[in-house]
Amino acid sequence: MDKKTIKFEIVTLERVVLKEKILQVSVPTTSGEITVLPGHIPLISILQAGVIEIKLTDGSLDIMSVSGGFIEVMKGKVVILADTAERAAEIDDQRVNEAYTRADELKKKLKDHQGREFFSLTARIDKELARHRAVKRWRRLKGIK
Amino acid sequence: MANTKEISRRIKSVTSTRKITKAMEMVAAAKMKKAISAVLKTRTYANLSWETVLHLVQAPISQAEFSHPLLELRSEIKRVAIILITSNRGMCGGYNSLIISKAKESVKKHNLETDFILVGTKGSIIRNQDYNIVADFKKNDLITDSQEVYPLAKMVLDAYQSGKYDKVLVAYTDFVNAVTQVPRIKQLLPVTLENEEYLGIIGKDSKIGLTPEDAAAREEKHLSQDDFVYEYFFEPNPQEVLDKMIPRLIEVQLYQAFLEASASEHSARMSAMNQATEAADDMVNELTLFYNKARQASITAEIAEISAGANALAE
C-alpha cells in the first residue's frame, strides 16, 4: 500500500530538529490545535507553546515540544519555524520540573502583573509546561509499546 | 656584543611568549570552527523564514493590502542608528579598527544625526570621539544562543516603530573565509524586499560570505522551482502573521550578523596569533645565532689569553 506522505521540516535558529517524510502532524496554533494530512490547503499560522505530534511513515508517533513559532503548509510540504523545539526523547523531565517550579515561584513573587517581566515569565512557564506535557505523552506512548 | 647570559635570558622570554601566542592561536581556531558551524545551522531557518515572508507578500489576496510599517521606506530620514559589533578583547589584528573606521566613514557619508549602539567592549574607543552613544551591550565571546540578541532587537524595533530612528544599520565583519574578513554595513530596518543585501536565499555550501549578485541568482533559482501560485489560508489573519513574522526576521538577521562577526573575530585572532608565533620563531633563531657567536667569541678570547700566558711563560 502506498500511502501519501508530507515532506516535514522543523527548524529552530540553532538547528534542524527534524526533517523527514511523514503521514500526518498535529500542531498547537494560536487559534486551536490543527492536524495536517496530505493534501491540506496552503496555510500559514502562528504557533503557541504546546506539543507537536507526528505520525511517521512506519506508523509510529513522535512527540515534540515547541514554545512558539510559525507553521507554513505548502503543497505536500510542511515547514515549522519554531522559536525553540525539542524532541520528547531528548528532554530531561527532572530539569523541566525544576525549571518550571523556579519560574512559577518567581511569578508568585512578582507584585506587578503587567510588566514585561511578567509576560516573559508566563512565556517561560508555558514553555516548560509544554515540555513537560511532551515528555508525559512520550512516556505513555512508550508504555503502550 | 651582549654577553651570553643576557642573550639566553631573552631567548627564554621570547620562547615563553611564543608558547602563549601558539596557545591563543589554537583556541581561536577552535572557536572559529564553532562559530562557522553556528552560522551554517542558522541558515536553514533564515532561508525558510525569508521564503515565507516572500510568499506572504506575493500572495494574491484582495482583502488585505500587504503593508507593514517595518517594510515601508520612510520618505524623510532624519535619524539613523548604527549597531556596531566589535570584539571583547584585542589581539586580533585590525579587526576592530577596520569595522570602526568603516562605521565612521558611513556616518560621514550619510551626514545625518547618528546614534551608536555598541556591542562588545572594544567599540567603546569611540566614546571620547564625539559620537553619540545610546547603548552598550555586552556579548559573549562565543555566541551560541539566539536569545542573546533579543534585548537588542527589541530595543531597535521599539525605537524604530516609535519614530525615533528612520533607519537602522548594522556594522559587522563579514566572514568570507579564514583569511579574509570584510567589514560591512547592512540595513536592518526598514526591511527591503529587493535584496540588495543578501538576506535572501543562500545555498547550503560552506562559503559564508556571498556577493549580492550571487545571492540573487540563488534566490531566483530556488524560488522558480515551485511555480504554482500560492493561495494561502491565514490563521488568524495575514496582518497578524506578518506582525509576528517580520520582527522575527529582524532577530534572525541580527543573530546572523553576530555570528558572522564572531567567526570573523576568531579567524582574525587566529591569523594575528599565527603571525606572532612566526615572528617569535624568527626572533629565537636570530638570538640563538647571536648567542652562539657570543659564546664562540668568549671561548676564542679565553684561548687567546691562555696561549698568550703560555707563550709568556715559555719565553
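Me: What does it take for two strands to pair, as background for the bridge partner of Ser45(A) in β6(B)?

Reply: Two strands pair if DSSP finds at least two bridges between them. This is a predicted model. Here β4(A) and strand β6 (residues 233-235) of chain B are joined by three bridges and run parallel. Within β6(B), Glu235(B) is the bridge partner of Ser45(A).

Me: How many residues does each chain give to the contact?

Reply: Two residues are in contact if their C-beta atoms, placed from the backbone, lie within 7 Å. Chain A gives 20 residues and chain B gives 23.

Me: Which elements of chain A supply at least two residues each to the side that touches chain B?

Reply: They are β2 (16-29), β4 (43-47), β7 (69-74) and β8 (77-82) of chain A. The largest share, four residues, is from β4(A). Sorted by class, this side of chain A holds eleven nonpolar, five polar and four charged residues.

Me: Where do the domains of chain A lie along the chain?

Reply: Domain 1 covers 6-88 and domain 2 covers 92-144. Taken over C-alpha atoms, the centres of these two domains of chain A are 21 Å apart.

Me: How many residues of each domain of chain A are in contact with the other?

Reply: Twelve residues of domain 1 of chain A touch ten residues of domain 2 of chain A. On the domain 1 side, β5 (50-56) and β6 (61-66) of chain A are the elements giving two or more residues. β6(A) provides the largest share, five residues. By class, that side of domain 1 has seven nonpolar, four polar and one charged residues.

Definitions and conventions. Residues are numbered from 1 along each chain as its sequence is written. Chains are lettered from A and ligands numbered from 1 in the order in which they are written. This is a predicted model: local features need pLDDT of at least 70, side-chain atom pairs count only at pLDDT 80 or more; totals for chains, interfaces and linings use all residues. Domain bounds come from an automatic or database domain assignment. Ala, Val, Leu, Ile, Met, Phe, Trp, Tyr, Cys and Pro count as nonpolar, Asp, Glu, Lys and Arg as charged, and the others, Gly among them, as polar.
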